[in-house]
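This report describes one protein model, going from its overall layout to a few chosen residues. The sequence and the structure are shown first.

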Amino acid sequence: MIETSVKVEGMSCSSCIRKIEGALEAVGAEAHVNMAEGTVRVKYDESKLQLADIKEVIRNKGYNAV
């Protein structure tokens, strides 16, 4: 398992947290949003997902994953 932090721009409310965490959990990643820092801490199995996949899921929800 890999654990990393992704900077995310465009989050503004608790709905954003639920959208991002839910989308990442749906693809098999554990996600925890830190709204104050503008980051998402993600833990995932590198044999099933790559960092690019994680960022794509976030972008598909309408946020900018840096």
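Followed from start to end of the sequence, the elements of this protein come in the order β-α-β-β-α-β. That amounts to two helices and four strands. The model is a predicted one.

**Overall dimensions**

The C-alpha trace covers about 30 × 20 × 20 Å along the principal axes of the protein. A compact globule of 66 residues would have a radius of gyration near 11 Å, and the 10 Å found for the protein agrees with this. Of the 66 residues, 35% count as buried. The protein exposes about 3,900 Å², and carbon and sulfur atoms supply 46% of that area.

Contacts between distant parts of the sequence can also be expressed as a share. Taking contacts with a separation of 6 or more, 59% are accounted for by residues 24 or more positions apart. As for charge, the protein has 9 positive and 10 negative charges, and the mean positions of the two groups lie 5 Å apart.

**The nonpolar core**

The largest nonpolar core consists of 19 residues. Within this core, the residues with the most contacts are Val 8, Ile 20, Leu 24, Val 40, Ile 54 and Ile 58. At least two core residues come from each of the following elements: strand S1 (2-9), helix H1 (14-26), strand S2 (30-34), strand S3 (39-44) and helix H2 (51-60). H1 supplies the largest share, with four residues.

Two of the core residues with the most contacts, Ile 20 and Ile 54, can be followed further. Ile 20 is located in helix H1. Its relative accessible area is 1%, so Ile 20 is buried. Apart from neighbours within four places in sequence, Ile 20 is in contact with Val 8, Met 11, Val 33, Val 40, Ile 58 and Tyr 63. Glu 30 is 10 residues from Ile 20 in sequence, and their C-alpha atoms are 11 Å apart.

Which residues does Ile 54 contact, if its neighbours within four places in sequence are left aside? They are Val 6, Leu 24, Ala 29, Val 42, Tyr 44 and Leu 49.

**Two residues of strand S3**

Thr 39 has its place in strand S3, and so does Arg 41. Is Thr 39 buried or exposed? Thr 39 is buried, because its relative accessible area of 13% is under the 20% limit. Arg 41, by contrast, has a relative accessibility of 44% and counts as partly exposed.

Leaving out residues up to four places away in sequence, Arg 41 touches Glu 3, Thr 4, Ser 5, Glu 30, Ala 31 and His 32. With neighbours within four places in sequence left aside, the contacts of Thr 39 are Ser 5, Val 6, Lys 7, Val 8, Met 11, His 32, Val 33 and Asn 34. Ser 5 and His 32 appear among the contacts of Thr 39 and also among those of Arg 41.

**Two residues of the helices**

Ala 23 belongs to helix H1. With a relative accessible area of 13%, Ala 23 is buried. Beyond its neighbours within four places in sequence, Ala 23 is in contact with Val 57 and Lys 61.

Arg 59 is placed in helix H2. Its relative accessible area is 38%, and Arg 59 is therefore partly exposed.

**Separation in sequence and in space**

The table sets out three residue pairs, with the distance in space taken from C-alpha to C-alpha.

| Pair | Apart in sequence | Apart in space |
|---|---|---|
| Arg 41 and Ala 29 | 12 residues | 10.0 Å |
| Ala 23 and Lys 61 | 38 residues | 7.8 Å |
| Arg 59 and Met 1 | 58 residues | 22 Å |

Of these pairs, Ala 23 and Lys 61 are also in contact with each other.

Conventions:
Residues are numbered from 1 along each chain as its sequence is written. This is a predicted model: local features need pLDDT of at least 70, side-chain atom pairs count only at pLDDT 80 or more; totals for chains, interfaces and linings use all residues. Side-chain values use heavy atoms; hydrogens and water are left out. A nonpolar core is a set of buried Ala, Val, Leu, Ile, Met, Phe, Trp, Tyr and Cys residues joined through side-chain atoms within 4.5 Å. Buried means under 20% relative accessible area, exposed over 50%, partly exposed in between (1.4 Å probe, protein chains only). Contact means heavy atoms within 4.5 Å. The radius of gyration is taken over C-alpha atoms; the globule rule is 2.2 Å times the number of residues to the power 0.38. Accessible areas come from the Shrake-Rupley method with a 1.4 Å probe; for residues, only the protein chains shown count as cover. Lys and Arg count as positive and Asp and Glu as negative; His and the chain ends are not counted. The place of a charge is taken as NZ of Lys, CZ of Arg, CG of Asp or CD of Glu.
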